[in-house]
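Hi,

Here is the structure I promised to pass along. Have a look first, and my notes on what turned up follow below.

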Amino acid sequence: MEKKIEIRAYKDEFYPPVPTKATKFWRTNLVYQIYKFLRLNYKIMRIVVKGHS
Amino acid sequence: MAKVVVLGAGISGHTAASFLKKMLGSKHEVVVVSPNRYYQWVPSNIWVGVGRMKIDQVRFPLDKVYQKWGIIYKQAKALEFHPEGDQENNSPFVTIEYVANAEKGQREKVSYDYLVNATGPKLNFDATPGLGPGKFSQSVCSYDHAAHSWEALQQSIKAMENGQMQRLLIGTGHPSATCQGAAFEYALNIAFELKRKKLSHMAEITWITNEYELGDFGMGGAFVKRGGYITSTKVFTESVLTENNIKWIKRAGVTKVEDGIAHYETLSGEQNTKDFDFAMLIPAFKGQDFKAYDKSGEDITAKVFAPNGFMKVDADYTPRAYESWTVEEWPKTYQSPVYPNMYATGIAFAPPHGISKPMKSPTGLSITPSPPRTGMPSGVTGKIVAQNIAHFIKHGETEHKHTASMGKMGAACIVSAGFSMTRGLGATMTVSPIVPDWQRYPEWGRDIKATVGEVGLAGHWIKLFLHYMFIHKAKGYPFWWLLPE
């Protein structure tokens, strides 16, 4: 049986950027994500502290 | 001895009550009135909705904590505000009705020196015929709704395992609904769970939203620095949906839900339908149906509350065109302009207007997200109101030492996109300020240096860390007061 291919061209979901294999790898790389965890927490804390007058 | 009554024990009310008691000590009385005997950490309801957390992981009974702190707790709902008292009482009071135990159905007049209204939103399922649990769609707005949603989702998963394609519809269930973030998280978590079960090919997930563009989230969207560009959250959100093979319908106001069919109108005036096997749609929010009376018994509800039921505070409610909105119209102290000993915090205060630009379809239907006040703003406003009231009581002053305008404070939003300690994902978003300040930041409306938008495992860890941190804080465990809102 012939497999039906869904052509996405000209549809909304055809245009947004999608992550590459490398981007997906770094998203779950433990060492890189520990660094990100610390960095994002720092950025969030800056916002939190600014929000309390 | 002063008496402070807090209505509501959600994120804002519980924060206000805990800080009031800590600052006022045993010399003064703090009373909490809430119909729900549990505190719930609402942001984690998403995980209850995909079976990754049990109800008891996101809630705990309030009575033990309040007993430990010396807070008087009444499991009741507020009905009427009497800010001037009545013919028999000179003190202001609220009329409450008990909802549980032997006192169920009994009414009581609870007097106060200061009142904090932190009653959150009423989930207005009735505004969309057929919407909500017990009808034709699910919700994740409370832990019990999320648990029911998980039961319904399991039926769909079972059908997929049996080889039946399933159409899942997630998004907003009313043309003016807010909380897009929660629905967005739910869509991503479902996609993640289906991937984990190798069932992605059996599901067609559709995101339906009242936003003009994706990524608006009721706050007019945002811009983030990413990959060498300043990119709008529209691109960010479309990218995340595309990656998860989730299709979308935007500029859509759901007007009716029937068994397996959602009816919606678009901003261009088209009347469409979308078929589904499972739907989780967020309802519109409104204020609780309180009544207010003056001393003579005359109805002053319209003086104290806005038409949507939320309480008027120190905001500027003069109607203006979108182009004339400024951050100055947003409240700073959350004090009632007519009764200075009354405050409204969290979702209970009436915003001066939306944050997203108002849009109407050719039929006159307003299809615009309402402004969000959940999470961090709820906690922060609860805390500063507690600090100001405690200061007034202890020092006899009337100047507000603490302010928190949504036009000044920032917010962090962690959007869960999959629950796993090693493979999970979360989108971390920060904006500052929440309400765009076009005078101060003419290009993007916000401080671009403080705005973040990143997807990764770290986001999941942060969301999980925040879950345990805020439960720790709400339970009053050691050093709880040091943890930020």
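The contact is built from 39 residues of chain B and 28 residues of chain A. Keep in mind that this is a predicted model. About 2900 Å² is buried between chain B and chain A, with carbon and sulfur atoms giving 64% of that. On the chain B side, B:Thr242, B:Glu243 and B:Trp461 stand out: they supply 17% of the area that chain B buries against chain A, more than any other three residues.

On the polar side, I get 3 salt bridges between chain B and chain A. One to click on is A:Arg39 with B:Glu454, where the closest N and O atoms are 3.6 Å apart. There are also 6 residue pairs in polar contact between the two chains, both partners being at pLDDT 80 or more.

As for which parts of chain B do the touching, elements that each supply at least two residues include α7 (233-243), α9 (376-395), β24 (425-431) and α10 (457-474). The largest share, 5 residues, comes from α7(B). By type, the chain B side splits into 19 nonpolar, 11 polar and 9 charged residues.

One more thing: a search of the whole structure turns up 1 cavity of 30 Å³ or more, with a volume of about 60 Å³. Its lining draws on both chains, with A:Arg27 alongside chain B residues, among them B:Leu188, B:Val240, B:Glu243 and B:Val455. In chain B, α7 and β24 each supply at least two of the lining residues. The lining divides into 6 nonpolar, 1 polar and 2 charged residues.

Cheers

How values were computed: Residues numbered from 1 in each chain as written. Chains lettered and ligands numbered in written order. Predicted model: local features only at pLDDT ≥ 70, side-chain atom pairs only at ≥ 80, totals over all residues. Heavy atoms only, no water. Contact = heavy atoms within 4.5 Å. Buried area = accessible area lost by both parts, 1.4 Å probe. Salt bridge = Lys/Arg side-chain N within 4 Å of Asp/Glu carboxyl O. Polar contact = N/O pair within 3.5 Å; in protein donor to acceptor, adjacent residues only side chain to side chain. Helix = DSSP H or I, 4+ residues; strand = E, 2+ residues; numbered from the N terminus. Nonpolar A, V, L, I, M, F, W, Y, C, P; charged D, E, K, R; others polar. 1 Å grid on protein atoms, 1.4 Å probe; cavity = no way out; pocket = protein on both sides within 12 Å on 5 of 7 lines; lining within 4 Å. Points joined across faces, edges and corners; volume = space filled by probe spheres on them.
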